[in-house]
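This report covers pockets and salt bridges. Please keep the sequence and the 3D view open while reading.

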Amino acid sequence: MFRAGLLRLASMKRRFLNLVSALMAAGFIANPALATSPDQEKEFTDKYKTAFEANDSATLESFLYTKGADPMVLEFYKMMVAQGAGGKISKIELVELSAEDAKKAEQIQDGPGGTKLKLPLKPTKKLKITVETKDANGSSSGTSESFIAEKDGKLVIPVPVAAK
């Protein structure tokens, strides 16, 4: 009887561990932050850097996720990704979102003309770019940041849409 109880307990532990393992695996598979690989991230930053330094506005705009985007905001984002294009990027990286970043990304923002806007996709990373400029007056650097999301296996910069 004691042995039967131990066997039953071992069987229950095994089933519990299998259940926990399955749930953990499902969580990792469903987590969008884990959906892109380091190779995909490197490909994204390399392509972005190449387009930026070549002043290739068409490729830079191709990084924007524009479905449902407010037209005025879309024009602003196009201008934003092209700002400084042709310059030398000294550092480009995809970084994890802080708790503050994640909270900010979920908030409804004020848009032009009193409209309310939100991001259409949940960001998983933040693109940080540092550009250095040198001229006769000296040198300077500037850093910009953009939220990055994943859509259909592709990393994109989501353009805000009207909040409903």
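## Pockets and salt bridges

By class, the second largest pocket is lined by seven nonpolar, seven polar and one charged residues. The model is predicted. This pocket holds about 260 Å³ of space. Its lining comprises 15 residues. Those nearest the centre are F52, M80, Q83, V131 and S144. Four elements give two or more residues to this lining: α2 (38–53), α4, β5 (125–135) and β6. The largest share comes from β6, with five residues.

Now the largest pocket. Its volume is about 550 Å³. The lining counts 23 residues. Y77, K104, Q109, F147 and P160 lie nearest the centre. The elements giving two or more residues are α4 (71–82), α5 (99–106), β3 (109–110), β4 (116–118), β6 (138–151) and β7 (154–158). Here α4 gives the most, with five residues. By class, the lining has 13 nonpolar, four polar and six charged residues.

Two elements deserve a second look. Helix α4 gives two or more residues to the lining of the largest pocket, and it does so for the second largest pocket as well. Strand β6 likewise gives two or more residues to the largest pocket and to the second largest.

Next, the charged pairs. How many salt bridges does a search of the whole structure find? The search finds 10. Three of them are set out here, with the distance between the closest N and O atoms.

| Salt bridge | Closest N and O atoms |
|---|---|
| K125 and E41 | 3.3 Å |
| K78 and E75 | 3.8 Å |
| K126 and E145 | 3.1 Å |

Take K125 and E41, which form a salt bridge. This pair links distant parts of the chain. K125 sits in strand β5 and E41 in helix α2, 84 residues apart. Is K125 buried or exposed? K125 counts as buried because its relative accessibility is 7%, under the 20% cut-off. E41 has a relative accessible area of 15%, so it is buried too.

K78 and E75 pair within one helix. Both lie in α4, three residues apart, about one turn of the helix. K78 is partly exposed, with a relative accessible area of 24%. E75 is also partly exposed, at 49%.

The K126 and E145 salt bridge again links distant parts of the chain. K126 is in strand β5 and E145 in strand β6, 19 residues apart. K126 is buried, with a relative accessible area of 10%. E145 is partly exposed, at 43%. Which residues are joined into one network by salt bridges that share partners? They are D101, K126, K128 and E145.

Strand β5 thus recurs in this account. It holds K125, the partner of E41 in helix α2. It also holds K126, the partner of E145 in strand β6. The same strand gives two or more residues to the lining of the second largest pocket, as do α2 and β6. Helix α4, too, returns: it contains K78 and E75, and it gives five residues to the lining of the largest pocket.

Definitions and conventions
Residues numbered from 1 in each chain as written. Predicted model: local features only at pLDDT ≥ 70, side-chain atom pairs only at ≥ 80, totals over all residues. Heavy atoms only, no water. 1 Å grid on protein atoms, 1.4 Å probe; cavity = no way out; pocket = protein on both sides within 12 Å on 5 of 7 lines; lining within 4 Å. Points joined across faces, edges and corners; volume = space filled by probe spheres on them. Nonpolar A, V, L, I, M, F, W, Y, C, P; charged D, E, K, R; others polar. Salt bridge = Lys/Arg side-chain N within 4 Å of Asp/Glu carboxyl O. Buried < 20%, exposed > 50% of the residue type's maximum accessible area, 1.4 Å probe, protein only.
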